[in-house]
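This briefing sets out selected structural features of a protein chain for use at the bench. The points are grouped by topic and are best read beside the structure.

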Amino acid sequence: MKEKYGDYVENKVYEHRVLKRMSQKELADAVGVSKQTIYVMEKNNYSPSLVLAFRIADFFNVDVNDIFSYVRGSD
């Protein structure tokens, strides 16, 4: 989608993870994905499923909109 339309999901996973002093592996294990998934998500090269987005927000005990936001591309 990002390549075709220019829109994507921006996130603050890195910021929340660092504030909790967690490694990518620790967060990955806590939410049920691989370390690689967390890595590419933090680089904004991966848009998580809704379930994963909510799982991450729930883990950090914040609203999903506090971590993930939609960035609209040019139409």
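**Briefing on the predicted model**

Valine 33 counts as partly exposed, because its relative accessibility is 23%. Like every feature discussed here, this value comes from a predicted model. The structure contains two salt bridges, and its largest nonpolar core has 15 residues. The largest pocket encloses about 170 Å³ of space.

**Valine 33 and the α3–α4 loop**

- Valine 33 sits in the loop that runs between α3 and α4.
- With neighbours up to four places away in sequence left aside, valine 33 is in contact with Ala28, Ile38 and Leu52.
- Serine 69 lies 36 residues from valine 33 in sequence, and the C-alpha atoms of the two are 20 Å apart in space.

**Threonine 37**

- Threonine 37 is part of helix α4, which spans residues 35–42.
- Its relative accessible area is 17%, so threonine 37 is classed as buried, the cut-off being under 20%.
- The side chain of threonine 37 makes a polar contact of 3.0 Å with the side chain of serine 34.
- Beyond four places in sequence, threonine 37 is in contact with Tyr46 and Leu52.

**Salt bridges**

- Side chains of opposite charge can pair when their charged atoms come close.
- One salt bridge joins arginine 17 to glutamate 42, with 2.6 Å between the closest N and O atoms.
- This pair links distant parts of the chain, 25 residues apart: arginine 17 belongs to helix α2 (residues 13–19) and glutamate 42 to helix α4.
- Arginine 17 and glutamate 42 are both buried.
- Another salt bridge connects the side chains of lysine 25 and aspartate 29, at an N to O distance of 2.9 Å.
- Lysine 25 and aspartate 29 are separated by about one helical turn, because they stand four residues apart in helix α3.
- Lysine 25 counts as partly exposed, with a relative accessibility of 45%.

**Glutamine 24**

- Glutamine 24 is located in helix α3.
- A relative accessible area of 15% places glutamine 24 among the buried residues.
- The side chain of glutamine 24 forms a polar contact of 2.8 Å with the side chain of glutamate 42, the residue that also takes part in the salt bridge with arginine 17.
- Residues up to four places away in sequence not being counted, glutamine 24 touches Arg17, Lys35, Ile38, Tyr39 and Glu42.

**Nonpolar core**

- In the largest nonpolar core, the residues that touch the most other members are Val13, Leu27, Ile56, Ile67 and Phe68.
- Two or more residues of this core are given by each of α3 (24–31), α4, α5 (50–60) and α6 (64–67).
- The most comes from α5, which gives five residues to the core.
- Phenylalanine 68, neighbours within four places in sequence aside, is in contact with Val9, Glu10, Asn11, Val13, Met41, Pro48, Ala53 and Ile56.

**Largest pocket**

- The lining of the largest pocket is made up of Val9, Pro48, Ser49, Leu50, Ala53, Val64, Asn65, Phe68, Ser69 and Tyr70.
- Elements that give two or more residues to this lining are α5, α6 and β2 (68–71).
- Strand β2 provides the largest share of the lining, namely three residues.
- Phe68 thus appears both in the pocket lining and among the core residues that touch the most other members.

Notes. Residues are numbered from 1 along each chain as its sequence is written. This is a predicted model: local features need pLDDT of at least 70, side-chain atom pairs count only at pLDDT 80 or more; totals for chains, interfaces and linings use all residues. Side-chain values use heavy atoms; hydrogens and water are left out. Buried means under 20% relative accessible area, exposed over 50%, partly exposed in between (1.4 Å probe, protein chains only). A polar contact is a pair of N or O atoms within 3.5 Å; within protein, one must be able to donate a hydrogen and the other to accept it, and residues adjacent in sequence count only if both atoms are side-chain atoms. Contact means heavy atoms within 4.5 Å. A nonpolar core is a set of buried Ala, Val, Leu, Ile, Met, Phe, Trp, Tyr and Cys residues joined through side-chain atoms within 4.5 Å. A salt bridge is a side-chain nitrogen of Lys or Arg within 4 Å of a carboxyl oxygen of Asp or Glu. On a 1 Å grid over the protein atoms alone, a cavity is a set of points where a 1.4 Å probe fits but cannot get out, and a pocket is an open set with protein on both sides within 12 Å along at least five of seven lines; lining residues have an atom within 4 Å of a point. Grid points are joined across faces, edges and corners, and a volume is the space filled by probe spheres set on the points.
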